[in-house]
Each structure stands twice: as C-alpha cells, then as structure tokens.
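Here's a quick tour of how the helices in this model sit against one another, and of what fills the space between them. Have the viewer open as you read.

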Amino acid sequence: MPKRFPEEFKRDVANVARRGDLTLAEVAADFGVSEESVRRWRMQADIDDGIKDGLTSSEQAEVVRLRRENRRLAMENEILKRATAYFARDALPK
C-alpha cells in the first residue's frame with residue numbers, strides 16, 4: 001500500500017521543486033520520496049494554481065464523489081427494478 005502524505009507536505013515539496021534550485025532527484029532525496037511523486041505533485045500544484053490547464057484537486061474530488069454517488073444510485077435502481085418485478089409476478093391473477 002502506498003504511503004499517504006498530507007496535502008501541506010505535497011505542496012511544500014512542489015514549491016521547492018518549482019524554485020528550480022535543485023533537480024527533481026535532489027528534491028526527492030531531500031524529502032525521502034520518489035522522483036515521480038515530486039513530478040506529479042509539482043504538476044498538480046501547477047494545475048491548482050492556474051499555471052497549467054487540467055482538473056484541480058477539488059474538481060477531481062468532486063468527480064470521484066459524483067461517480068460513487070452515480071454507482072450507488074444505479075445499484076439502488078437495479079434493486080428497485082428487481083423488487084418491482086418480484087412483487088408484480090405475485091400480483092398477477094392465476
């Protein structure tokens with residue numbers, strides 16, 4: 001399971017990487033994270049700050065929340081369809 005880092009830590013790492021004083025490898029070694037993590041955090045910070053186009057962190061969280069809600073509602077709808085079919089079958093005259 002990957003280690004989760006607080007958002008503030010990610011933001012600090014991204015800011016250090018953005019300054020350009022150190023290479024990504026040096027920043028990663030200083031903070032004890034992978035170079036790819038530094039690259040992703042810097043890119044997401046650029047998006048969140050409006051420097052680059054893309055989904056901000058809050059927009060990504062909203063998309064995840066809406067997909068989960070959509071999945072839950074689809075399951076509830078399927079359950080209701082099956083219950084309706086079950087009870088309709090019993091209600092038919094014989």
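In this predicted model, helix 1 and helix 2 pack with their axes 10 Å apart, at an angle of about 145°. The crossing of helix 1 past helix 2 is right-handed. On the helix 1 side, the contact is made by F9, V13, V16 and A17, and helix 2 answers with L24, V27 and F31. Sort that contact by class and you get 7 nonpolar residues, no polar ones and no charged ones.

Now for helix 2 and helix 3. Their axes come within 8 Å and cross at roughly 105°, so helix 2 counts as roughly perpendicular to helix 3. Helix 2 brings L24, A25, V27 and A28 to the contact, while helix 3 brings E35, V38, R39 and R42. By class, this contact has 5 nonpolar, no polar and 3 charged residues.

That leaves helix 1 with helix 3. These two pack at about 90°, with their axes 8 Å apart, and that makes helix 1 roughly perpendicular to helix 3. From helix 1, residues F9, K10, R11, V13, A14, A17 and R18 meet V38, W41, R42, A45, D46 and D48 of helix 3. The class split here is 7 nonpolar, no polar and 6 charged.

What do these helices share in the middle? The largest nonpolar core has 9 residues in all: V13, V16, A17, L24, V27, A28, V33, V38 and W41. Helix 1 (7-19), helix 2 (24-31) and helix 3 (35-48) are the elements that each give two or more residues to this core. As background, nonpolar side chains in soluble globular proteins tend to be buried together.

Two of the core members are worth clicking on. Leaving aside residues up to four places away in sequence, W41 touches F5, F9, K10, V13, A14 and V33. With the same sequence neighbours left out, L24 touches A17, E35, V38, R39 and R42.

Is L24 buried or exposed? L24 lies in helix 2, and its relative accessibility is 15%, so L24 counts as buried, the cut-off being under 20%. R39, one of the residues that L24 touches, has its place in helix 3. R39 counts as partly exposed because its relative accessibility is 35%. Further along the chain, A85 sits in helix 4 (residues 57-91). With 48% relative accessibility, A85 also counts as partly exposed.

If you'd like some distances to check in the viewer, here are three C-alpha pairs, with sequence separation next to spatial separation.

| Pair | Apart in sequence | C-alpha to C-alpha |
|---|---|---|
| R39 and A28 | 11 residues | 9.2 Å |
| L24 and R11 | 13 residues | 14 Å |
| A85 and L24 | 61 residues | 60 Å |

The last row ties helix 4 back to helix 2: A85 has its place in helix 4, L24 lies in helix 2, and their C-alpha atoms are 60 Å apart. The R39 and A28 row, at 9.2 Å, picks out two residues that both belong to the contact of helix 2 with helix 3.

Note on methods: Residues numbered from 1 in each chain as written. Predicted model: local features only at pLDDT ≥ 70, side-chain atom pairs only at ≥ 80, totals over all residues. Heavy atoms only, no water. Core = buried A, V, L, I, M, F, W, Y, C linked by side-chain atoms within 4.5 Å. Buried < 20%, exposed > 50% of the residue type's maximum accessible area, 1.4 Å probe, protein only. Helix = DSSP H or I, 4+ residues; strand = E, 2+ residues; numbered from the N terminus. Contact = heavy atoms within 4.5 Å. Axes fitted to C-alpha atoms, helices over the stretch in contact; angles between N-to-C directions. Left-handed = near helix turned anticlockwise from the far one by under 90°. Nonpolar A, V, L, I, M, F, W, Y, C, P; charged D, E, K, R; others polar. Parallel < 35°, antiparallel > 145°, perpendicular 65-115°, else oblique.
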